[in-house]
Amino acid sequence: MSLPKGLAEEVSKNLVMVAKLIDEDSELAYGYSKIALRLASRVAAVREAAGFAAYATQRYTEALAEFRAARRMTGGVELWPVMADCERGLGRPERALAMAGEAEVQKLDKAGQVEMRLVAAGARRDMDQLEAAIVTLQSPELASHSVQPWTARLRYAYADALLAAGREDEAREWFAKALEADKDGVTDASDRLAEMDGVEFVDAIDVDDAIDVDVVEVVQVDRTDGSDVQRPVEVEETLAEEDEQNEEGDEVPAPGVADDVADDVDVAGEGDERA
């Protein structure tokens, strides 16, 4: 709201792209965040978005600086856990633990406090203090039977710490509990359980036997019998070549079919070049 309308729209477009891409293409999201930062570095939301984009690409020094700037602008404590995790990323777990004991933690909402607990447990593990990490995760939130947005991740972290400490039976129990709470698939608890049970997944089709193309395009071809079929472009080209070689009297495609397919291929190729 503090920016002129045109500039505000341009900045917001870049922030939207950061949000859309940060999980699937963090480097590209980071690029958009730098554009927004260049346009409006005095806006707290921009600094926060730049911080998360840098964090997602493991640029922890840069992320920490952006989070600190956003916190100075807003005076809030919401970013405290991720700031502590940046300290872990920079190889300073003792600083993350110190932050876990600061008064700011008491100002966090329940989700923030659980996040801080996860960071503190991770810091303990960074320092090879496995039992301390396990104790850190033991909390009313872990014992609760209600499922909250943080439940799956908390149970998963606890199971992973138990497994690292050699307590496999307990770890399996908590991986199962994590899976039960993980409705959105934010963890790989199912894979961890399968691994512990000795289950191995094998692809039914050998990759080498698949069509050796980066992108298989589909074209619509009208057959003489009135039916429409869809096949990859490469398959249609092969069919056209075989039809030309058929002996006289064999069924052949209607005139113009091969040309139509070729035209479609040319159009697709031009589209790829433009892209």
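D128 is exposed in this predicted model, with a relative accessible area of 69%. The residue sits in the loop between α7 (110–126) and α8 (130–137). Its backbone has a positive phi of about 60 degrees, although D128 is not a glycine. Most residues other than glycine have a negative phi.

A second residue can be described in the same terms. Q58 is found in the loop between α3 (44–56) and α4 (60–74). Its phi is near 65 degrees, again a positive value in a residue other than glycine. Q58 counts as exposed because its relative accessible area is 57%, and the class of exposed residues begins over 50%.

**The chain as a whole**

The secondary structure of the protein chain comes to 14 helices and two strands. The chain has 275 residues, of which 33% count as buried. Its accessible surface comes to about 17100 Å², and carbon and sulfur atoms hold 47% of that surface. Among contacts in the chain with a separation of 6 or more, 47% join residues that are 24 or more positions apart.

**Helix pairs**

Two packed helices are described by the angle between their axes and the distance between the axes. The table gives these values for three pairs.

| Helix pair | Angle between axes | Distance between axes |
|---|---|---|
| α1 and α2 | about 160 degrees | 8 Å |
| α7 and α8 | about 170 degrees | 7 Å |
| α7 and α10 | roughly 15 degrees | within 11 Å |

Helix α1 covers residues 5–21 and helix α2 covers residues 26–39, and the two pack at about 160 degrees. That angle makes α1 roughly antiparallel to α2. The helix α1 passes α2 in a left-handed crossing. On the side of α1, the contact is formed by L7, E10, V11, N14, L15, M17, V18 and L21. These residues meet S26, L28, A29, Y32, S33, I35, A36 and L39 in α2. By class, the residues of this contact divide into 12 nonpolar, three polar and one charged.

Helix α7 takes part in the other two pairs of the table. With α8, its axis makes an angle of about 170 degrees. Angles over 145 degrees count as roughly antiparallel, and α7 and α8 are therefore roughly antiparallel to each other. From α7, the residues R117, L118, A120, A121, R124 and R125 make the contact, while α8 contributes L130, A132, A133, T136 and L137. Seven of the residues in the contact of α7 with α8 are nonpolar, one is polar and three are charged.

With α10, the axis of α7 crosses at roughly 15 degrees. What orientation do α7 and α10 have to each other, roughly parallel or roughly antiparallel? Angles under 35 degrees count as roughly parallel, and α7 and α10 are therefore roughly parallel to each other. Their crossing is left-handed. In this contact, V114, E115, L118 and R125 of α7 meet R153, L154, A157, D160, A161 and A164 of α10. The contact of α7 with α10 has six nonpolar, no polar and four charged residues.

**Two buried residues**

A161 is one of the residues of α10 that meet α7. The helix α10 runs over residues 151–164. Is A161 buried or exposed? With a relative accessible area of 0%, A161 is buried, because residues under 20% fall in that class. Leaving aside its neighbours within four places in sequence, A161 is in contact with R125, I134 and L137. R125 belongs to α7, and it appears in the contact of α7 with α10. L137 belongs to α8, where it takes part in the contact with α7. A161 and L130 are 31 residues apart along the chain, yet their C-alpha atoms are separated by 6.7 Å.

The other example is E66, which is found in helix α4. E66 counts as buried because its relative accessibility is 8%, and the limit for buried residues is under 20%. Not counting residues up to four places away in sequence, E66 touches L37, R47, A50 and G51. E66 and A49 are 17 residues apart in sequence, and the distance between them in space is 8.5 Å, C-alpha to C-alpha.

Technical notes: Residues numbered from 1 in each chain as written. Predicted model: local features only at pLDDT ≥ 70, side-chain atom pairs only at ≥ 80, totals over all residues. Heavy atoms only, no water. Axes fitted to C-alpha atoms, helices over the stretch in contact; angles between N-to-C directions. Helix = DSSP H or I, 4+ residues; strand = E, 2+ residues; numbered from the N terminus. Parallel < 35°, antiparallel > 145°, perpendicular 65-115°, else oblique. Left-handed = near helix turned anticlockwise from the far one by under 90°. Contact = heavy atoms within 4.5 Å. Nonpolar A, V, L, I, M, F, W, Y, C, P; charged D, E, K, R; others polar. Buried < 20%, exposed > 50% of the residue type's maximum accessible area, 1.4 Å probe, protein only. Areas by Shrake-Rupley, 256 points an atom, 1.4 Å probe, with all protein chains shown as cover.
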